[in-house]
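Work through these exercises with the structure open beside you. Try each task before reading its solution.

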Amino acid sequence: MAHLDRHRPALLSQVAVLTFASVFLHDFAGMGTWVTSTSLAAVQTGAMVMRVWSGRFTDRHGNRRPFLKICSALSALAFLVLWLLVTGAAAIPPLLPLLPLMVVVAGIFVSAWHGVAYTELATLAGAGHVGTALSLANSFVFVGFCLVPIAIPWLLVVFAWPGVWLAAAICAALAWPIFLRQV
């Protein structure tokens with residue numbers, strides 16, 4: 001049953017945004033409360049809108065698996081751009097104002113496809129196992145919400161903020177090959 005919820009590596013990237021974006025924007029980028037709060041509100045609002053749009057889009061087109069691959073790739077790309085901006089901002093301070101925008105873009109991309117992924121999981125599990133599959137998926141979500149906030153401070157100590165966002169990009173990218181073939 002665990003093989004049915006292999007898209008969860010991307011969840012780690014989403015949790016990184018939800019738990020540490022405010023700290024990042026305040027401490028690293030020097031953004032104030034208004035910019036930080038507005039950025040997080042934009043992530044949540046944009047993600048909510050995109051989850052509904054994604055579900056409707058894939059219902060109409062019957063393309064959940066290709067859509068999930070694209071979302072994984074876009075999420076990884078957004079976090080790579082964030083990583084590059086963070087890396088470059090130390091040497092080029094005018095890049096700092098781009099950081100809130102990129103946090104919003106990455107946060108929306110990595111959050112937009114969860115409903116579609118759960119739907120695909122339920123489809124793959126079949127009617128006889130959907131309850132178990134979704135319960136297992138939800139358990140993985142809460143493990144992620146526990147472990148990511150524990151791991152990020154250690155990533156910060158060893159790799160600083162570029163390492164956190166690079167790790168988020170890697171986690172988002174790990175979901176992509178999962179959708180290559182039908183299970």
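**Exercise 1.** Is Thr36 buried or exposed? Describe its surroundings too.

Solution.
- Step 1. This is a predicted model. Its average pLDDT is 89.
- Step 2. Find the residue. Thr36 lies in helix α2, which covers residues 33-61.
- Step 3. Check its accessibility. The value for Thr36 is 8%. Buried means under 20%, so Thr36 counts as buried.
- Step 4. List its partners. Beyond four places in sequence, Thr36 is in contact with Ser22, Leu25, His26 and Met31.
- Step 5. Look at the polar side. A polar atom of the Thr36 side chain lies 2.9 Å from the backbone oxygen of Gly32.

**Exercise 2.** How many salt bridges does the structure hold? Trace the residues that take part.

Solution.
- Step 1. Recall the principle. Side chains of opposite charge can pair when their charged atoms come close.
- Step 2. Count. The structure holds 2 salt bridges.
- Step 3. Take the pair Glu120 and Arg64. Their closest N and O atoms are 2.9 Å apart. Glu120 sits in helix α5 (residues 114-125) and Arg64 in helix α3 (residues 64-89). The two residues are 56 residues apart, so this pair links distant parts of the chain.
- Step 4. Take the pair Glu120 and Arg65. Here the closest N and O atoms are 3.2 Å apart. Glu120 is in helix α5 and Arg65 in helix α3, so the pair ties together parts that are 55 residues apart in sequence.
- Step 5. Join the pairs. Arg64, Arg65 and Glu120 form a network of salt bridges.
- Step 6. Check burial. Glu120 has a relative accessible area of 7%, so Glu120 is buried. Arg65 has 11%, so Arg65 counts as buried.

**Exercise 3.** Which residues have the most contacts inside the largest nonpolar core? Say which helices supply the core.

Solution.
- Step 1. Recall the trend. In soluble globular proteins, nonpolar side chains tend to be buried together.
- Step 2. Size the core. The largest nonpolar core has 39 residues.
- Step 3. Name its best-connected members. They are Phe24, Phe79, Leu82, Leu99 and Trp165.
- Step 4. Name the helices. At least two core residues come from each of α1, α3, α4 (98-111), α5 and α6 (130-175).
- Step 5. Zoom in on Trp165. Leaving aside neighbours within four places in sequence, Trp165 is in contact with Ala16, Val17, Phe24, Phe79, Leu82, Trp83 and Val86.

**Exercise 4.** Which residues does Ser13 contact, leaving aside neighbours within four places in sequence? Then turn to Ala78.

Solution.
- Step 1. Place Ser13. It lies in helix α1, residues 9-28.
- Step 2. Check its accessibility. The relative accessible area of Ser13 is 0%, so Ser13 is buried.
- Step 3. List its contacts. They are Phe79, Val110, Ala168, Cys171 and Ala172.
- Step 4. Place Ala78. This residue lies in helix α3. Its relative accessible area is 4%, so Ala78 is buried.
- Step 5. List the contacts of Ala78. Not counting residues up to four places away, Ala78 touches Met102, Val105, Ala106 and Phe109.
- Step 6. Compare sequence and space. Ala78 and Ala168 are 90 residues apart in sequence. Their C-alpha atoms are 9.7 Å apart in space.

**Exercise 5.** How many disulfides does the structure hold? Check Cys71 and Cys171.

Solution.
- Step 1. Recall the bond. A disulfide is a covalent bond between the sulfur atoms of two cysteines.
- Step 2. Count. The structure holds 0 disulfides.
- Step 3. Check Cys71. The nearest cysteine sulfur belongs to Cys171 and is 17 Å away. The cut-off is 2.5 Å, so Cys71 is in no disulfide.
- Step 4. Check Cys171. The nearest cysteine sulfur, that of Cys146, is 15 Å away. Cys171 is in no disulfide either.
- Step 5. Check burial. Cys71 is buried at 7% relative accessible area. Cys171 counts as buried at 17%.

**Exercise 6.** Where does pLDDT stay under 50? Finish with the backbone of Ala160.

Solution.
- Step 1. Start with the whole chain. 91% of the residues score at least 70.
- Step 2. Find the weak stretch. pLDDT stays under 50 over residues 1-6. The model has 16 contacts beyond four places in sequence for this stretch.
- Step 3. Turn to Ala160. This residue is in helix α6. Its phi is positive, about 65 degrees, although Ala160 is not a glycine.
- Step 4. Check its accessibility. At 36%, Ala160 counts as partly exposed.

How values were computed:
Residues are numbered from 1 along each chain as its sequence is written. This is a predicted model: local features need pLDDT of at least 70, side-chain atom pairs count only at pLDDT 80 or more; totals for chains, interfaces and linings use all residues. Side-chain values use heavy atoms; hydrogens and water are left out. A salt bridge is a side-chain nitrogen of Lys or Arg within 4 Å of a carboxyl oxygen of Asp or Glu. Helices (H or I, at least four residues) and strands (E, at least two) are DSSP runs, numbered from the N terminus. Buried means under 20% relative accessible area, exposed over 50%, partly exposed in between (1.4 Å probe, protein chains only). Contact means heavy atoms within 4.5 Å. A nonpolar core is a set of buried Ala, Val, Leu, Ile, Met, Phe, Trp, Tyr and Cys residues joined through side-chain atoms within 4.5 Å. pLDDT is the predictor's confidence in each residue, from 0 to 100. A polar contact is a pair of N or O atoms within 3.5 Å; within protein, one must be able to donate a hydrogen and the other to accept it, and residues adjacent in sequence count only if both atoms are side-chain atoms.
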